[in-house]
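Here is a short briefing to read alongside the structure. It covers the nonpolar cores, the aromatic rings and the cysteines.

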Amino acid sequence: MFEKSISWIKESVEKGITPSAAIAIGVKDRLLVKQTFGFTSITDERTPVNNLTLYDMASVSKMMSTSMITLRMLAAGELDLKDPISRFLGEKVPPDKQGITIQHLLTHTSGLPPYVMLCEQMDDAWEALPFLLSIPLQCAPGTKTIYSCMGFILLGKVLEAATHQSLDVLAKEQVFAPLSMSYTGYCPLQSSKTDKTNIAFTEQRAGKWLRGNVHDENADFLGGVSGNAGVFSNLDDCIRFASMLAGFGEIEGKTYLPHDLFISALQTVPCEKGLYYGLGFKVNTMDHFEGGLFPNTGFGHFGFTGTEIIVDAANGLYIVLLQNRVHPTRENTAALQMRETFNILAADEFAAFQRNQ
């Protein structure tokens, strides 16, 4: 089973479409495939990747960290979806943003723009929150879906204000420790657990290869800890996270998120591009999900670096793909097509397996 999917990734790495790939396919708690291919970089410092190799998760961080923290706080009654951000940020919230709620930020309906380069707007990270609150909205909150990294950066700031804890600490306490994701977190170079030689490279910055420093410019400007990006993880930890998602909030017989809350998180808000968002998840309820995968029932998230964790809600099938497709350059779009084809092959092979049972 999954011979075509595995061969596709293996051959893609061998052809240099991406320097490396770590893949996993499973159904809820049952792991069906776990393999790694390639090297951490194309440089002389490269090492073979394995199940512990750390990858920059890019926007998958939104789902793994910021969204999960928010859902856990909702489950604990510490937040409400209808809470305006002014409840936590106070009088500093200007009139045009006082109507923005937790739900708006989670579902990309806050009206904030997709991306603004913070380092071009200010000299110090402490200015980020005042700047976020000063950005002109592209539409009134709740009237349009605009996928927004800025909205998730703001959500991270709201969570920090609500708890008086930093986002990296919250992520460890609310997500990574409860799910036994032992190597996942922000700023891996600061962790004693990190094997500094076993991190996938991304692009260059200031003439040096990024290895363990976040690729996203805004997350980097914010010290590596941000609501939109910054999480590093490996295949083993991502399998645990994906298994929890496939179990609708349960893993190994234990409840991480209440079932009813998890189901409500998959309810969608339409987007003009045909993409749909639940509470921190990309969710599809139309005709396709990433090139035909999981019609009507897929959810998960994708990352700019080529990463993904996606689930078919109908049968609990999950797919994890970790890669550093932005090494040596982000201009590598062939790896995105590789990812899409991999998903289609895996879904087709699983469907054939089910028919033969």
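Ring pairs join Phe248, Phe262, Phe281 and Phe299 into a cluster. Please keep in mind that this is a predicted model. Phe281 is also worth finding for another reason: it is among the residues with the most contacts inside the largest nonpolar core.

**Aromatic rings**
- Searching the whole structure turns up seven aromatic pairs.
- Arg46 lies over the face of Phe39, at 4.2 Å from the ring centre.
- In a second case, the charged end of Arg325 sits over the ring of Phe304, 4.6 Å from the centre of that ring.

**Nonpolar cores**
- The largest nonpolar core has 78 residues, and those with the most contacts inside it are Met68, Leu154, Phe241, Leu245, Phe281 and Ile309.
- If you pick out Leu154, you will find that it touches Ile85, Leu89, Leu105, Leu112, Leu129, Leu132 and Leu133, leaving aside residues up to four places away in sequence.
- Another core, of 19 residues, lies apart from the largest one, and its members include Ile9, Ile23, Leu317 and Met338.

**Cysteines**
- A search of the whole structure finds zero disulfides.
- Why does Cys238 form no such bond? The closest cysteine sulfur, in Cys187, is 17 Å from the sulfur of Cys238, which is too far for a bond, because a disulfide needs the two sulfur atoms within 2.5 Å.
- Cys238 counts as buried, at 0% relative accessibility.
- Cys139 is buried as well, with a relative accessible area of 15%, because buried means under 20%.

Terms used:
Residues numbered from 1 in each chain as written. Predicted model: local features only at pLDDT ≥ 70, side-chain atom pairs only at ≥ 80, totals over all residues. Heavy atoms only, no water. Phe/Tyr/Trp six-rings, centres within 6.5 Å; stacked < 30°, edge-to-face > 60°. Lys NZ or Arg CZ within 6 Å of the ring centre and 35° of its normal. Core = buried A, V, L, I, M, F, W, Y, C linked by side-chain atoms within 4.5 Å. Buried < 20%, exposed > 50% of the residue type's maximum accessible area, 1.4 Å probe, protein only. Contact = heavy atoms within 4.5 Å.
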